[in-house]
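Thanks for coming. I will take one structure today and go through a few places in it, starting with empty space in the interior.

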Amino acid sequence: MSDFIQWTYENRLQISIDLAAGSVSGIANCISSHPLDTVKVRMQMSNDGVLSTLKNILQNEGTKGFYKGMSFPILSIPITNAIVFSVYEFWKSFFIGNSNKQLTYFQTAFCGSIAGSSAAFFSCPIELTKCKLQMQSTEKIYKNPIDCISQIYKKEGFKSLFRGMCATQQREILGYSAQFAVYELIKDFLCTLSQRSEPSTANLLISGGLAGVSCWTIGYPQDTIKTILQCQKPTDQGIYKVRFYDGGFLDCLKKKIISEGLRSIWKGYSVCILRSFYANAIGFYAYELAKENITSYYSIY
């Protein structure tokens with residue numbers, strides 16, 4: 001009985017540490033990446049290039065335009081990130097327990113996919129609100145995130161808050177499976193290359209950055225379709241056939257490629273990759289640093 005109590009205490013403590021470290025990582029990632037995320041969303045919904053999008057935002061909205069819709073993510077993304085890292089660590093411990101064994105890269109990808117799927121239920125309505133606010137340039141329909149959610153709920157119903165869920169699930173499952181597997185792969189490779197048992201700061205930053213690039217590369221077409229589905233106006237609804245199993249994903253993908261070509265689903269990719277490298281480098285480093293410091297604090301007390 002005492003062993004069980006000790007086991008549950010240790011696991012609860014570990015989950016608390018993962019949640020706290022994941023929250024720190026989420027805040028760091030959000031603050032560093034939001035301006036370029038706004039550029040990405042605008043490009044996905046228009047035919048403008050990087051420079052013209054930047055110019056339009058600066059001329060019409062000023063520097064504040066880059067931070068539109070940030071208030072909701074800064075409060076909610078730490079929770080989403082905390083869920084991602086804690087679910088990932090939970091399933092990691094499911095495979096290896098308390099041993100010092102390493103997961104195979106396939107197991108790492110599997111843990112990442114479950115973490116991504118769990119996060120999608122939180123990130124879908126958050127991203128819906130963020131994208132709606134980011135698309136407001138001169139015309140201001142929504143005052144703030146709460147007003148945005150309230151209006152969507154009143155006009156379109158509760159289900160509309162989860163528009164684009166199928167695309168979000170695909171993006172998160174594929175993206176996080178690649179992200180965690182690549183992170184561990186690069187980290188191990190750099191440790192072997194430098195003949196060090198523990199990763200250096202540069203190692204963590206490079207591994208985190210490349211992990212972010214892999215995450216967004218494999219999930220970018222899904223993200224473009226998600227943005228289109230979420231940003232369409234109520235008057236535009238009905239353009240895409242919404243089936244119960246895909247929420248309009250396949251019809252939107254097909255029509256987008258037929259009307260604008262295959263390159264259209266990669267609009268904004270260059271900005272996204274730049275953002276994903278530095279934001280995920282910061283995010284992973286913040287997670288590792290926070291986890292190390294919080295663990296040391298608990299071990300003292």
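A cavity, as I use the word here, is a set of grid points where a 1.4 Å probe fits but cannot get out. Please keep in mind that this is a predicted model.

With that definition, the structure holds 1 cavity of 30 Å³ or more. The volume of the largest cavity is about 580 Å³. Its lining counts 31 residues, and the ones closest to the centre are Asn29, Ile77, Glu127, Tyr176 and Trp216.

Which elements give two or more residues to that lining? They are helix H1 (2-44), helix H3 (71-96), helix H4 (105-134), H6, H7 and helix H9 (269-300). H1 gives the most, with 8 residues. As for the character of the lining, 11 residues are nonpolar, 12 are polar and 8 are charged.

Next, the annotation. In the unreviewed UniProt entry, "transmembrane region" is recorded for residues 70-91 and 103-122. What does the model show over those spans? Residues 70-91 are 95% helix and 0% strand, with the end C-alpha atoms 31 Å apart. For residues 103-122 the figures are 90% helix and 0% strand, and there the end C-alpha atoms lie 27 Å apart.

Staying with H1, let me turn to alanine 21, which sits in that helix. Is alanine 21 buried or exposed? Its relative accessibility is 0%, so alanine 21 counts as buried. Leaving aside neighbours within four places in sequence, alanine 21 is in contact with Tyr287, Ala290, Lys291 and Ile294. There is also a pairing over a long sequence interval to look at: alanine 21 and glutamate 292 are 271 residues apart in sequence, yet from C-alpha to C-alpha they are 8.8 Å apart in space.

Now helix H4, where threonine 129 lies. Threonine 129 has 0% relative accessibility and therefore counts as buried. What does threonine 129 touch, if residues up to four places away in sequence are not counted? The answer is Phe72, Pro145, Cys148 and Ile149.

On to the cysteines. A disulfide is a covalent bond between the sulfur atoms of two cysteines. How many disulfides does a search of the whole structure find? It finds 0. One pair deserves a comment, cysteine 131 and cysteine 231. Why is there no bond between cysteine 131 and cysteine 231? The cysteine sulfur closest to that of cysteine 131 is the one in cysteine 231, and at 4.6 Å it is too far for a bond. The cut-off for a disulfide is a pair of sulfur atoms within 2.5 Å. Seen from the other side, cysteine 231 is in no disulfide either, and its nearest cysteine sulfur is that of cysteine 131. Both residues are buried: cysteine 131 has a relative accessible area of 1%, and cysteine 231 counts as buried at 12% relative accessibility.

Last, a backbone point. Glutamine 195 has a positive phi of about 55°, although it is not a glycine. Where does glutamine 195 lie? The place is the loop between helix H6 (165-194) and helix H7 (201-231). Glutamine 195 has a relative accessibility of 74%, so it counts as exposed, whereas threonine 129 counts as buried.

That is what I have; questions, please.

Methods: Residues are numbered from 1 along each chain as its sequence is written. This is a predicted model: local features need pLDDT of at least 70, side-chain atom pairs count only at pLDDT 80 or more; totals for chains, interfaces and linings use all residues. Side-chain values use heavy atoms; hydrogens and water are left out. UniProt positions are given in the numbering used here, feature names are shortened, and annotations may be inferred rather than shown by experiment. Helices (H or I, at least four residues) and strands (E, at least two) are DSSP runs, numbered from the N terminus. Buried means under 20% relative accessible area, exposed over 50%, partly exposed in between (1.4 Å probe, protein chains only). On a 1 Å grid over the protein atoms alone, a cavity is a set of points where a 1.4 Å probe fits but cannot get out, and a pocket is an open set with protein on both sides within 12 Å along at least five of seven lines; lining residues have an atom within 4 Å of a point. Grid points are joined across faces, edges and corners, and a volume is the space filled by probe spheres set on the points. Ala, Val, Leu, Ile, Met, Phe, Trp, Tyr, Cys and Pro count as nonpolar, Asp, Glu, Lys and Arg as charged, and the others, Gly among them, as polar. Contact means heavy atoms within 4.5 Å.
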